Amino acid sequence: MIMKKLITIVSLVAVFAASSSTVFASNGETTAMPSRTKFMLDGKEISFDMSYNIEDSNYIQLRSVAQALSGTKSQFNVYWDVVLSQAVIETGKAYTGVAPDSSTPTIDNKYVPLEFVSASRDTWGLSLYTLKVKNVLANELDAFTLTVICTDAYGNNVYNFDGTNYTEFQCSANIKAGETRSYEISLWEYPTVAKITVYVSKYKPINGDTVEISELQANENGGKKVFSW
């Protein structure tokens, strides 16, 4: 069991372990002592660098357990995701304690969430575009916003009836990490449209904060794509 309160206690133990085997939390209510419990793993005794007895219960750091199980059928990796400010547990993987290396481009230390795979267009009085996108985040994507700009063969913007030169589409995602999915967007048919420019202007990872992205940032970091017809 991992609790915010426990993290505070463990930090205190790390600082004062040299001078005392008993540490009190700042509120003076909880005592943490080095655990004297004997731990066995598949018949062999193991020890943990940091294991504590708090109110007659044993507490062990998750990464210590991951280290002990690494190489077994029960192995898992755990690391801190600095982008989403959360701990990530990966079952079935050997323990490293660090986030996996990624060539995914970033925007102000935020991941660009989507890779545009392909697009197609059907015209039936209006244009129906099917965009195939891939979630390149390390986490599930909750929702995102696509901004679409239409231009003619000369690169001039094709304006909407309301005078704007762009259209936004709110997409409910729930795309798992690495998953590819198709989304359909509808625009009134303009005969002069020769290409569309699509970029992710906003997204929200599962359990993360909403991130807004400008067209310039998307272009510089791989979150923008142009499709021509």
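This section describes the overall fold content, one loop glycine and the salt bridges of a predicted model.

In the predicted model, the protein contains three helices together with 18 strands. Of its 229 residues, 35% are buried, and the protein exposes a surface of about 13,800 Å², of which carbon and sulfur atoms supply 50%. When the contacts with a separation of 6 or more are considered, 54% of them are accounted for by residues that stand 24 or more positions apart.

One position examined individually is Gly155, which is found in the loop that runs between strand β13, spanning residues 141–151, and strand β14, spanning residues 167–175. With a relative accessible area of 43%, Gly155 is classed as partly exposed, because that class covers the range between the 20% limit for buried residues and the 50% limit for exposed ones. The C-alpha atom of Gly155 lies 8.5 Å from that of Ala194, although the two residues are 39 positions apart along the chain.

Charged side chains were then considered. Side chains of opposite charge can pair when their charged atoms come close. A search of the whole structure returned four salt bridges, among them a pair formed by Lys204 and Asp142, whose closest N and O atoms are 3.8 Å apart. This pair connects distant parts of the chain, since Lys204 belongs to strand β16 (residues 195–205) and Asp142 to strand β13, with the two positions 62 residues apart in numbering. The separation of 3.8 Å for Lys204 and Asp142 falls within the 4 Å cut-off, and the pair therefore counts as a salt bridge. Both partners are partly exposed, as the relative accessible area is 27% for Lys204 and 24% for Asp142.

A further salt bridge joins the side chains of Glu179 and Arg181, with an N to O distance of 3.1 Å. In this pair, Glu179 has a relative accessibility of 27% and is partly exposed, while Arg181, at 26%, is likewise assigned to the partly exposed class.

Another of the salt bridges is formed between Glu215 and Lys224, for which the closest N and O atoms are separated by 2.8 Å. Glu215 counts as partly exposed at a relative accessibility of 30%, and Lys224, with a relative accessible area of 25%, is also partly exposed. Neither Glu215 nor Lys224 is classed as buried, because their values of 30% and 25% are not under the 20% limit that defines that class.

Notes. Residues are numbered from 1 along each chain as its sequence is written. This is a predicted model: local features need pLDDT of at least 70, side-chain atom pairs count only at pLDDT 80 or more; totals for chains, interfaces and linings use all residues. Side-chain values use heavy atoms; hydrogens and water are left out. Helices (H or I, at least four residues) and strands (E, at least two) are DSSP runs, numbered from the N terminus. Buried means under 20% relative accessible area, exposed over 50%, partly exposed in between (1.4 Å probe, protein chains only). Contact means heavy atoms within 4.5 Å. Accessible areas come from the Shrake-Rupley method with a 1.4 Å probe; for residues, only the protein chains shown count as cover.
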